[in-house]
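Please load the model in the viewer and display it as a cartoon with side chains available. The tour proceeds by successive selections.

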Amino acid sequence: MFSLRFRRLFGAAALLLVVCALPAKAAFQIDVRPGYGVTGRKWLSDYNPALRGTDYDTPVYVMEGTEPGGRALLFAGTHSREIAGPLSATILLENARVTRGTLFVIPCLNAAGMSVPDSLGQVPHELVVQTRGGKRVLYYGDRRIPLKSGESDPPEFVHPTGYVHKDGAEWRNINRNYPGVAEGTPAQRVCFGVMELIRREKIGTNLDVHEATAPESVLDPRDGKTYPGGTLSYSLITHPKYIDTAIEMIFDLEDRGVNLKAEQSIPGFRGISHYEIGEGTGCVPFLSETPNPAQNDHAVGIDPLHDAKHPIGERVAIQLEIFREWLGSCEKITGAPVVIEGLPDKKQIEESGVGAFLR
Ligand SMILES: [Zn+2]
């Protein structure tokens with residue numbers, strides 16, 4: 001008979017062995033319930049193995065048509081508080097089907113940022129929406145990849161090209177770290193994964209889905225002062241080489257009741273997706289911005305789902321119309337079409353709400 005002490009020791013050793021043998025814990029994921037149009041799932045770590053088993057890996061969904069065609073990549077959630085992006089990508093994955101070509105979708109690029117509450121501290125981490133199948137949780141995360149315990153931000157962030165970002169915290173901002181470094185910082189690893197996906201999958205065009213500070217000025221009840229709104233929302237941004245294409249897309253969108261402005265990357269401002277993808281690959285890059293009223297540093301008590309001026313339904317409807325226009329332009333942009341069916345349109349979202357298009 002083993003003594004009680006021996007059995008306890010043996011039990012602890014066995015438990016340790018089991019724990020060590022378990023595969024690495026997967027990173028945080030948002031709730032996506034793929035529909036019939038999703039034909040495969042990969043991980044960003046399939047394109048950058050340095051992400052494997054870390055908090056920064058994230059699923060890449062594949063929607064492959066039965067007929068050959070172009071190849072496009074959509075990613076949302078670079079900044080995890082910009083929730084119209086992940087939500088629109090989720091609606092696409094749950095409802096749409098690609099008939100020609102292949103679409104890759106990353107609904108939450110910044111998994112670690114989504115795993116923590118917004119550092120502005122005004123919006124709860126979990127928001128509840130009523131859907132076809134009951135209640136579902138939408139996550140509202142932070143802008144940047146969170147610091148690990150014991151880490152701190154440098155006074156400034158120097159991009160590998162030498163460009164200096166004055167705010168040192170930007171070393172954790174995915175959209176300041178393109179084209180990335182394979183075994184670099186977490187943000188550099190994520191960016192390298194995206195670039196590698198574009199190269200290996202021969203992506204002809206990509207869309208990086210964002211939200212920006214709403215244009216209206218806000219009154220901060222904490223000091224009684226009024227602060228200006230942002231200027232970036234309602235825009236479609238691209239590399240200067242492709243600005244004419246963005247303008248054509250904006251004219252088409254106007255006919256469908258979506259009014260955006262075309263913007264271009266500032267050459268020399270390094271690390272942004274549209275600039276680095278446009279410079280470093282043949283992929284035609286776009287970035288979309290809808291207004292999130294809760295993003296203003298001085299916005300207090302704003303509900304990012306039910307705001308009177310910028311409800312989530314309106315922002316998602318705009319993003320879905322941008323997806324439709326972008327994919328509809330794919331043949332013109334890249335020489336090969338990506339045809340999608342079942343994407344809800346602006347009118348449907350406005351009439352039924354986003355919950356009607358979530359399982
Ligand atoms: Zn953003």
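This is a predicted model. Begin by selecting the largest nonpolar core, which has 88 residues; Leu74, Leu103, Val105, Val190 and Val316 touch the most other members. Helix H7 (residues 312–328) supplies the largest share of this core, nine residues.

Next, centre the view on Val316. Leaving aside residues up to four places away in sequence, Val316 touches Ala84, Leu87, Ser88, Ile91, Ile349 and Val354.

Now show helix H2 (residues 84–95) together with H7. How are the two helices oriented to each other? Their axes come within 9 Å and cross at roughly 60 degrees. The angle lies outside the range of 65 to 115 degrees that counts as roughly perpendicular, and H2 and H7 are therefore oblique to each other. The crossing is right-handed.

To inspect the contact itself, select Ala84, Gly85, Leu87, Ser88, Ile91 and Leu92 in H2, which meet Ile312, Arg315, Val316, Gln319, Leu320 and Phe323 in H7. By class, this contact of H2 with H7 comprises eight nonpolar, three polar and one charged residues.

Finally, move to Gly101, located in strand S4 (residues 97–106). Is Gly101 buried or exposed? Gly101 has 24 other C-beta atoms within 10 Å, and 20 or more suffice for a residue to count as buried; Gly101 is therefore buried. Select its contacts beyond four places in sequence: Gly65, Gly69, Gly70, Arg71, Ala336, Pro337, Val338 and Val339. As a last step, draw a distance from the C-alpha atom of Gly101 to that of Ser149: the two residues are 48 residues apart along the chain, and these atoms are separated by 44 Å.

Terms used: Residues numbered from 1 in each chain as written. Predicted model: local features only at pLDDT ≥ 70, side-chain atom pairs only at ≥ 80, totals over all residues. Core = buried A, V, L, I, M, F, W, Y, C linked by C-beta atoms within 7 Å. Buried ≥ 20, exposed ≤ 12 C-beta atoms within 10 Å, placed from the backbone. Helix = DSSP H or I, 4+ residues; strand = E, 2+ residues; numbered from the N terminus. Contact = placed C-beta atoms within 7 Å. Axes fitted to C-alpha atoms, helices over the stretch in contact; angles between N-to-C directions. Parallel < 35°, antiparallel > 145°, perpendicular 65-115°, else oblique. Left-handed = near helix turned anticlockwise from the far one by under 90°. Nonpolar A, V, L, I, M, F, W, Y, C, P; charged D, E, K, R; others polar.
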